[in-house]
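Trainee: Got a minute? I'd like to go through this structure with you.
Mentor: Sure, put it up.

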Amino acid sequence: MSKTRIKGLLFDLDGVLVSTEQNHFHAWKSIADKYQISFDELDNERLKGMSRGDSLKIILELGDILISEDEFNDLLHLKNQIYLDSIQKLNQKDLLPGVLALLNKAKSKNIPCGLGSSSKNAKTILNLVEIETYFDSIIDGNGVEFPKPNSEVFLNGAMELGLTPNEIIVFEDAESGVKAGKDGGFFVVGVGNIHIKKSVDVFVSSLLDFNLDEYA
Ligand code: B16
Ligand code: MG
């Protein structure tokens, strides 16, 4: 991919723009504890970027637990309540380093930005951290049939921006999202999570280290 051809940016949410992964972890941990399933931060690594339902399936598999569909849906609801309670005080100060500067830089260069998140709470979070207006497209967990690692979330975003994948940089922090981006034909910049360093096109410790002028 030529570095001069970038015409759009697609951002993952959790782990790239804002970090609520610990909130997800603690909410899942309380569900796991309910069933005496051993669940630690390393197990949680597998859930990053995965949909709520797929995450619960993985946790129940860890404990070899079978439950009814109703109980499964009740647990999804309970986990989300615990998670939402824990992010009530989220605000713009919780944006990860370099986020606002990059969004403003993109705006000044007329480079459209989109969100590609697995979270069904994405709009709530964007509102809390006050960056919703920066996005020309928002595709979240409510808008896809096949969640990450499927590429649908980013392909839909590309379509809404009116661009092709090879004209777009995807910013991701999770293995599932990197696969979604790479399989979709996007240039993927890995952010923060050292575990994905080998799978991405470029890796940065934080968005502070990403210079849009080198690409667009
Ligand atoms: P929700 P992302 C993902 O967001 C999180 O990384 C993942 O941990 C979470 O399970 C998923 O959203 C679903 O979130 O329960 O809020 O719908 O990284 O794709 O922005
Ligand atoms: Mg993420």
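Trainee: Let's start with H5. Which residues are buried in H5?
Mentor: Val99, Leu102, Leu103 and Ala106. Keep in mind that this is a predicted model.

Trainee: How are those four placed around the axis of H5?
Mentor: They cover an arc of only 100°, which puts them on the same side of H5.

Trainee: Why would residues three or four places apart point the same way?
Mentor: An α-helix has 3.6 residues a turn, so that spacing brings residues round to the same direction.

Trainee: And the other side of H5, which residues are exposed there?
Mentor: Ala101 and Ser108 are exposed on that side.

Trainee: What covers the buried residues of H5?
Mentor: The cover includes S1, S2 and S4.

Trainee: Anything to note just after H5? What is the phi of asparagine 110?
Mentor: Asparagine 110 has a positive phi, about 60°.

Trainee: On to the sheet. What is the strand order?
Mentor: S3-S2-S1-S4-S5-S6. It is an open sheet of six strands, and the pairing is parallel.

Trainee: Which are the edge strands?
Mentor: Strand S3, residues 137–139, and strand S6, residues 202–204. Each of them pairs on one side only.

Trainee: What does the twist average from one strand to the next?
Mentor: It averages 20°.

Trainee: Back to helices. Where does H5 pack, and what does H5 touch?
Mentor: H5, residues 99–108, packs on the sheet. It touches strand S1 (8–11), S2 and strand S4 (168–172). The direction of H5 makes about 155° with that of S1.

Trainee: And H7, which strands does H7 touch?
Mentor: S1, S2, S3 and S4. H7 covers residues 152–161 and also packs on the sheet. Its direction makes about 160° with that of S3.

Trainee: How many bridges link S2 and S3?
Mentor: Three, with S2 (residues 113–116) and S3 paired in the parallel sense. Within that pair, glycine 114 stands opposite serine 137 in S3.

Trainee: Switching to ligand 1. Which residues come nearest?
Mentor: Glu21, Ser117, Ser119, Lys120 and Asn121, of the 18 residues around ligand 1.

Trainee: What about aspartate 12 and aspartate 14? Which part of each is 2.9 Å from an oxygen atom of ligand 1?
Mentor: For aspartate 12, an N or O atom in the side chain. For aspartate 14, a polar backbone atom.

Trainee: And what is the distance for arginine 52?
Mentor: An N or O atom in the side chain of arginine 52 is 2.8 Å from an oxygen atom of ligand 1.

Technical notes: Residues are numbered from 1 along each chain as its sequence is written. Chains are lettered from A and ligands numbered from 1 in the order in which they are written. This is a predicted model: local features need pLDDT of at least 70, side-chain atom pairs count only at pLDDT 80 or more; totals for chains, interfaces and linings use all residues. Side-chain values use heavy atoms; hydrogens and water are left out. Two strands pair if DSSP finds at least two bridges between them. Helices (H or I, at least four residues) and strands (E, at least two) are DSSP runs, numbered from the N terminus. Axes are lines fitted to C-alpha atoms, for helices over the stretch in contact, and angles run from 0 to 180 degrees between N-to-C directions. Contact means heavy atoms within 4.5 Å. Buried means under 20% relative accessible area, exposed over 50%, partly exposed in between (1.4 Å probe, protein chains only). The arc is that of the directions from the helix axis to the C-beta atoms. A residue is near a molecule or strand if one of its heavy atoms lies within 4 Å of it. A polar contact is a pair of N or O atoms within 3.5 Å; within protein, one must be able to donate a hydrogen and the other to accept it, and residues adjacent in sequence count only if both atoms are side-chain atoms.
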